[in-house]
Amino acid sequence: MRDEIRVTRRDGRQVRFRVTGSEVVRWDRSGIDPQTGPPRIALVTCWPLEAKMQGPLRYVVHGVLIMADVAPAAE
């Protein structure tokens, strides 16, 4: 089983994404195009992770929607 990313939206509904891969890219070359394909998510942070200064590289984790709950999450 691949890793999942669970997101709680502002309206309380939960959305699940399946991680499809990760990569290190230049800050301006993420490959993220919100106009194409199925609903997706991208988690982005600076690279390398332990860097002391900002740099041009980013670590991107990609995921694709697998389920959107129809009711708000229980507290």
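Here a biologist quizzes a modeller about a predicted model and the reasons behind its labels.

Biologist: Let's start with leucine 49. Why is leucine 49 called exposed?

Modeller: Its relative accessible area is 56%, and exposed means over 50%, so leucine 49 earns the label. You'll find leucine 49 in the loop between strand 3 (40-47) and strand 4 (57-72).

Biologist: And what makes Val24, Trp47, Leu49 and Leu57 a nonpolar patch?

Modeller: Patch members need over 30% relative accessible area, and nonpolar side chains are joined within 5 Å. Leucine 49, at 56%, is over that 30% mark. Together the four residues of the patch show about 330 Å² of accessible area on the surface.

Biologist: Proline 34 next. How do you know that proline 34 is exposed?

Modeller: Same kind of check: the cut-off is over 50%, and proline 34 has a relative accessible area of 70%, so exposed it is. Proline 34 sits in the loop between strand 2 and strand 3. The C-alpha atoms of proline 34 and glutamine 14 are separated by 20 Å, with their positions 20 residues apart along the chain.

Biologist: Now the inside. What makes the largest nonpolar core a core?

Modeller: A core is a set of buried nonpolar residues joined through side-chain atoms within 4.5 Å, and buried means under 20% relative accessible area. Six residues make up the largest one: Ile5, Val15, Phe17, Val19, Ile41 and Val61. Strand 2 (residues 13-26) gives the most to this core, with 3 residues. As background, nonpolar side chains in soluble globular proteins tend to be buried together.

Biologist: Which residues does valine 19 touch?

Modeller: Leaving out residues up to four places away in sequence, valine 19 touches Arg2, Asp3, Ile5, Val61, His62 and Gly63.

Biologist: His62 is on that list. Why is the pairing of histidine 62 with glutamate 23 called a polar contact?

Modeller: The limit for the N or O atoms is 3.5 Å, and these two side chains come in at 2.9 Å, so the distance fits. Histidine 62 lies in strand 4, and its other contacts include Arg18, Val19 and Ser30.

Biologist: How many salt bridges does the structure hold?

Modeller: There are 4. Side chains of opposite charge can pair when their charged atoms come close.

Biologist: How do you know that arginine 16 and glutamate 4 form a salt bridge?

Modeller: The N to O distance is 3.0 Å, and the rule asks for within 4 Å, so the pair qualifies. Arginine 16 lies in strand 2 and glutamate 4 in strand 1 (residues 4-8), so the bridge ties together parts 12 residues apart in sequence.

Biologist: Why is arginine 16 called partly exposed?

Modeller: Buried would be under 20% and exposed over 50%; arginine 16 has 21%, so it falls in between. Glutamate 4, with 28%, is partly exposed too.

Biologist: What makes arginine 9 and aspartate 11 a salt bridge?

Modeller: Their closest N and O atoms are 2.4 Å apart, so they are within the 4 Å limit. Both are partly exposed, arginine 9 at 41% and aspartate 11 at 39%.

Biologist: And how do you know that arginine 26 and aspartate 28 form one?

Modeller: Here the closest N and O atoms are 3.3 Å apart, so this pair also passes the 4 Å test. Salt bridges that share partners also join Glu4, Arg6 and Arg16 into one network.

How values were computed. Residues numbered from 1 in each chain as written. Predicted model: local features only at pLDDT ≥ 70, side-chain atom pairs only at ≥ 80, totals over all residues. Heavy atoms only, no water. Patch = residues over 30% accessible without salt bridge, like charges linked within 9 Å, V, L, I, M, F, W, Y side chains within 5 Å. Areas by Shrake-Rupley, 256 points an atom, 1.4 Å probe, with all protein chains shown as cover. Salt bridge = Lys/Arg side-chain N within 4 Å of Asp/Glu carboxyl O. Helix = DSSP H or I, 4+ residues; strand = E, 2+ residues; numbered from the N terminus. Buried < 20%, exposed > 50% of the residue type's maximum accessible area, 1.4 Å probe, protein only. Polar contact = N/O pair within 3.5 Å; in protein donor to acceptor, adjacent residues only side chain to side chain. Contact = heavy atoms within 4.5 Å.
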